[in-house]
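Please examine the sequence and the structure shown below before reading on. The paragraphs after them lead through selected parts of the two in turn.

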Amino acid sequence: MVLAVEAKRLSVGYEELEELLWAVRGVSFEVREGEAFCIVGESGSGKSTVASAIAGILPPHAVTEGELRVGGRLVVKGNERDYEGVRGHLVTYVPQSPGASLNPYLEIGDQFYYVLNNLYGLSRKEAREKARTYLEMAGLDPGAVLDRYPHELSGGMLQRAAIALALSTGAKILVADEPTSSLDAHLRLQIVQLLKRLRSEVGLTLIFITHDMLLAGVLSERIAVMYAGHLVEVGPTKEVLRKPLHPYTSMLIECVPVLGVKRPLKAYAGEPPNLSEAGRGCPFYDRCPFRLEACASEIPPVKEVGESYYVACWLY
Amino acid sequence: MAEGLRALRRRYVEVLRDVSLSVSRGERVAVIGESGSGKTTLLKVVLGLLRPMKGEVVVLGHRIYEIPERERWKVTRRIGYVPQDPFRALNPRLKVADIIAEPLSRLNLSESEKEERVRAAVKMVQLHESVLDYYPSRLSGGMMQRALIARAVVHEPELLLLDEPTSALDVSTQAQVISLLNAIQEKLNCAMVTVTHDLAAAQYLADRAVILHKGVVVEEGSFSEIVRNPKSDHARVLLASYTLGVSEGPLAPLGAT
């Protein structure tokens with residue numbers, strides 16, 4: 001089994017004024033080559049930070065611990081990071097809101113040129129040819145977008161262009177950070193279908209970050225659920241959705257409104273803890289209806305409960 | 001040059017066309033539309049902020065656009081309004097207590113009565129009283145939305161207008177806010193109009209749905225009717241984008257329970 005990503009007790013923190021805030025706290029997981037892997041969590045869960053760590057775009061003030069391998073290359077070891085030859089070559093990234101990420105002063109064709117020239121020294125003409133191929137693959141008419149500026153395109157077109165740009169690098173590990181959350185419902189589905197298709201066409205490893213369990217269910221083979229910087233459950237998507245083990249996972253599934261299904265929405269009172277106020281025990285302690293004595297004082301260890309199925313909860 | 005000048009001449013864009021909608025007291029209605037459908041414009045018209053070019057608007061029994069603008073507040077103060085995007089809708093320079101008390105300013109209440117009303121509203125939205133002394137920047141997204149809801153209901157409105165009340169929130173916070181809004185609506189027995197792009201969340205906030213598409217009402221009825229038998233092409237596309245995920249995905253069995 002070839003691993004696309006392997007994290008071992010990875011922690012990522014940000015230096016804020018005098019404090020060091022840990023957004024990701026000792027997560028370990030593996031993503032297999034060719035797999036569709038979803039990281040699900042709410043704001044502040046650390047999911048986007050994990051995405052940035054994999055894609056090699058952590059800000060300079062980030063602090064890391066543990067190990068991270070991407071495409072077999074050790075990119076994070078303790079507080080040392082080296083993404084040379086990995087970022088853009090082995091791993092690529094689709095941002096949450098392409099409107100804010102694409103350079104507003106560059107036509108779409110030029111956005112490709114700057115990326116491809118930087119990575120592979122392609123000329124304008126070569127880059128344009130490549131852009132055509134990938135834009136078409138992403139379901140856009142190259143002639144209609146190559147000479148346009150980002151503001152001239154709709155949200156759905158921009159996201160397709162951003163995906164094409166990410167793929168044009170040739171990297172086979174694609175990290176997509178909530179690529180659909182700024183889109184209207186019908187566009188959301190189109191983008192998800194596009195990613196599914198591209199995955200098999202290009203042979204991508206897809207790492208998809210979302211807060212939407214439904215979307216994760218449609219898209220992925222395995223799911224990782226994060227809460228307050230911790231990985232609380234990792235397992236095969238079907239099993240996790242059918243019979244979630246961690247109380248937080250089950251809440252995440254049952255608090256999503258499903259059209260045409262009338263059932264009470266389940267949400268335990270409270271909100272995720274602040275990054276600065278991490279307790280000693282389980283991060284979900286305050287909201288958990290099943291909490292035990294051990295939960296208050298000790299962070300539950302990650303336990304293997306099935307084939308490539310892990311949960312961090314004292315109930316198991 | 002002349003070309004350029006001509007382009008600058010004012011053009012009217014029809015945002016809403018021939019929209020008829022009536023909501024009775026105690027009723028919960030959702031107006032569903034995607035970006036650009038005109039749903040926020042519709043709320044502004046009802047709030048007395050935007051005079052329609054044609055047609056009639058009756059709010060709480062009054063033709064509000066026939067009332068002079070300076071007098072209009074006498075009707076519109078009986079409306080509660082939760083604007084879009086809690087992260088940008090709170091005045092960063094006011095404490096939460098003063099933000100929530102704003103709708104009371106025209107009500108001739110003593111300071112102590114005001115304070116009591118604000119406390120009651122904060123309790124209703126399940127915020128801790130200590131947040132009254134905070135500035136908005138100290139609140140989480142969910143707390144901001146609760147503060148906005150407190151402001152919208154502090155004067156016990158007869159009509160509650162909600163613009164995307166849950167779309168900026170996390171899913172678990174969304175579920176909490178939905179149940180909170182329904183409890184408040186029941187307590188005040190007010191009419192509640194929710195404007196949203198999220199059809200699935202809307203079914204929890206309304207008994208009746210109106211689907212807007214490019215400024216036109218394309219669908220109206222109960223959620224079950226619309227889901228079972230959509231009449232317009234737009235509604236069919238919209239439904240597919242929700243139900244395809246459900247019918248293909250492993251979540252389908254949940255529907256049976």
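The text below treats a sheet, a core, a contact between chains and several helices and strands.

The model is predicted, and local features are therefore given only at pLDDT of at least 70, side-chain atom pairs only at pLDDT 80 or more, while totals for chains, interfaces and linings use all residues. Residues are numbered from 1 along each chain as its sequence is written, and chains are lettered from A and ligands numbered from 1 in the order in which they are written.

Helices and strands are DSSP runs numbered from the N terminus, a helix (H or I) having at least four residues and a strand (E) at least two. Two strands count as paired if DSSP finds at least two bridges between them. In chain A, 5 strands form an open antiparallel sheet in the order 2-1-4-5-6. Strand 2 (19–32) and strand 6 (80–81) of chain A each have a single partner strand and stand at the edges, so one side of each lacks a neighbour in the sheet. Within the sheet, strand 1 (residues 3–16) of chain A is joined to strand 4 (residues 62–70) of chain A by 8 bridges in the antiparallel sense, and Ala7(A) has Leu68(A) as its bridge partner there. Strand 4 of chain A also pairs with strand 5 (residues 73–77) of chain A, antiparallel and over 4 bridges; one of the partnerships is that of Val70(A) with Arg73(A). These two strands form a hairpin with 2 residues between them, and Gly71(A) in the turn has a positive phi of about 60°. Strand 5 of chain A is joined in turn to strand 6 of chain A by 2 bridges, again antiparallel, with Val76(A) opposite Arg81(A). Here too there is a hairpin with 2 residues between the strands, and Gly78(A) in its turn has a positive phi of about 60°.

The next topic is the nonpolar core. A residue is buried if 20 or more other C-beta atoms lie within 10 Å of its own, exposed if 12 or fewer, and partly exposed in between, with C-beta atoms placed from the backbone. A nonpolar core is a set of buried Ala, Val, Leu, Ile, Met, Phe, Trp, Tyr and Cys residues joined through C-beta atoms within 7 Å. The largest such core has 175 residues, and Ala161(A) and Ile207(A) have the most contacts inside it. Helix 6 (residues 155–168) of chain A gives the most to this core, with 9 residues. Two residues are in contact if their C-beta atoms, placed from the backbone, lie within 7 Å. Leaving out residues up to four places away in sequence, Ile207(A) touches several residues, among them Val5(A), Val31(A), Phe37(A), Ile173(A) and Val175(A).

Chains A and B also meet: the contact takes 32 residues from chain A and 35 residues from chain B. On the side of chain A, the elements that give two or more residues are helix 7 (185–203), helix 8 (213–219), helix 9 (237–242) and helix 10 (247–254).

In chain B, the expected span of a helix is taken as 1.5 Å times one less than its number of residues. For the 14 residues of helix 6 (residues 111–124) of chain B this gives 20 Å, and the end C-alpha atoms are 20 Å apart, which agrees. Its buried residues are Val118(B), Ala121(B) and Val122(B). They cover an arc of only 100° around the axis (taken from the directions from the helix axis to the C-beta atoms), which puts them on the same side of helix 6 of chain B. On the other side, Ser112(B), Glu113(B), Glu116(B) and Lys123(B) are exposed. The buried residues pack against helix 5 (96–101) and helix 7 (141–153) of chain B.

Helix 7 of chain B is mostly covered, with 12 of its 13 residues buried. The elements covering those buried residues include strand 4 (79–82), helix 6 and strand 5 (159–163) of chain B. Strand 5 of chain B has 5 of its 5 residues buried, so it is largely enclosed by the rest of the structure. Leu159(B), Leu161(B) and Asp163(B) point one way from this strand, and Leu160(B) and Leu162(B) the other way. Strand 5 of chain B pairs with strand 4 of chain B in the parallel sense over 4 bridges, and 5 bridges join it to strand 6 (residues 191–196) of chain B, also parallel. Leu160(B) is the bridge partner of Gly80(B) and stands opposite Met192(B) in strand 6 of chain B.
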